[in-house]
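Visitor: I am new to this structure and should be grateful for a close look at a single part, the largest pocket. What is the volume of the largest pocket, and which residues are the closest to its centre?

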Amino acid sequence: DETIHFRDYFCHKYLSNRSELRGLTLGCGEGQKVLQWAKTGLFRRIEAYDLSGTRLKKAAQLAQEAGLDQCIKYLVGDVNRIALYENAYDVIFIEHALHHFSPLKPLLIKLNQCLSPDGYFLFDEYVGPSRFQWTDKQLQLANSIRAILPDKYKSHIIDGKTNKKIIRPSRLSMILKDPSEAIESDKILPLTHKQFRVVEFCGYHGAILHLLFDGIAQNFLAEDNETSACLHLLFEIEDYLTQSNEVEDNYAVLVCCKKP
């Protein structure tokens, strides 16, 4: 159901008969997503970690304003160094932060150990090529589709040119821009399947549109019929290419259980 956020879907399907839960989240930033989890009323306590004390200070302020500061404990810490006790959490959730973590394997082993026997680990993540090293098939398809777009949709945000070809970024440029961006993203799915029992997988594509809209997304903000029709067509193309296995999902939501 496209009107229901995955958070509400998960709570209704997996946690409807539970309460007083112990939660953990990593890479929480300024805490807006953590607040939504706390507002479900299912958690006795959520421990939320991030590297940035400045961002956590803002998060704590937002939690206090929402009257949820007693439910959420914000902690500064490196996910690779924090001490997590065995079977300590009923729900571990990570939203668009896991692809920034490395080394990934020991972290997932640690999360499996600290998850309670009847607990759940879920994440919403970019799981595509590491360091955005797009496959040849992705580049070919994204460039072919961009080439046939009307020029008014192809004006690049930087210089206004319409003949910008989508290219694979160099690994060095990715590291210089953000050393942690998609550092081990292509290992997330295989390592998760190895360390956890995956009970639900929902891929939501992105292998084409992530590349296609880069630098030109601002041209699709108009709410006229032509733009809406163009967007709908692009979504349909990516749906078809993914469902026919021409490309793989680059984004996914997974619900996992503890593996003995």
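Guide: A pocket is an open set of points on a 1 Å grid over the protein atoms alone, where a 1.4 Å probe fits and protein lies on both sides within 12 Å along at least five of seven lines. The volume is the space filled by probe spheres set on the points, which are joined across faces, edges and corners. The model is predicted: local features need pLDDT of at least 70 and side-chain atom pairs pLDDT 80 or more, while totals for chains, interfaces and linings use all residues. Residues are numbered from 1 along each chain as its sequence is written, and side-chain values use heavy atoms, without hydrogens and water.

The largest pocket has a volume of about 620 Å³. Among its 21 lining residues (those with an atom within 4 Å of a point), Phe-132, Ile-167, Pro-169, Lys-177 and Asp-214 are the closest to the centre. Two elements each give two or more residues to this lining: helix H6 (171-177) and helix H8 (209-212). Helices, of at least four residues (H or I), and strands, of at least two (E), are DSSP runs numbered from the N terminus. H6 supplies the largest share of the lining, three residues. By kind, the lining holds nine nonpolar, five polar and seven charged residues; Ala, Val, Leu, Ile, Met, Phe, Trp, Tyr, Cys and Pro count as nonpolar, Asp, Glu, Lys and Arg as charged, and the others, Gly among them, as polar.

One of the residues closest to the centre, Phe-132, deserves a second look. Phe-132 is buried, at a relative accessible area of 16% (buried is under 20%, exposed over 50%, partly exposed in between, with a 1.4 Å probe and protein chains only). The whole structure contains 16 aromatic pairs, meaning rings of Phe, Tyr and Trp (its six-membered ring) with centres within 6.5 Å; planes under 30 degrees apart are stacked, over 60 edge-to-face, and the rest tilted. The ring centres of Phe-132 and Trp-134 lie 5.0 Å apart with their planes at 10°, so this pair is stacked. Trp-134 is buried as well, at 6% relative accessible area. Elsewhere, Phe-6, Phe-10, Tyr-14, Trp-37, Phe-43, Phe-93 and Tyr-120 form one aromatic cluster.

The lining element H8 also leads back along the chain. His-205 is placed in the loop between strand E6 (196-203) and H8. Its phi is near 65°, a positive value in a residue other than glycine, and at 13% relative accessibility His-205 is buried. Asn-87 likewise has a positive phi, near 60°, but is partly exposed at 29%; Asn-87 sits in the loop between E3 and E4.

That loop leads to strand E4 (residues 89-95), where seven of the seven residues are buried. E4 pairs in the parallel sense with strand E1 (residues 21-26) over three bridges, and with strand E5 (residues 115-126) over six; pairing needs at least two bridges found by DSSP. Within these pairings, Val-91 in E4 stands opposite Gly-23, and Tyr-89 opposite Leu-115 in E5. From E4 the chain passes through helix H4 (residues 104-114) to E5 in a right-handed β-α-β crossover, that is, clockwise from first strand over helix to second when the strands point away from the viewer. The loop between E4 and H4 contains Pro-103, and the peptide bond from Ser-102 to Pro-103 is cis, with omega near 0°.
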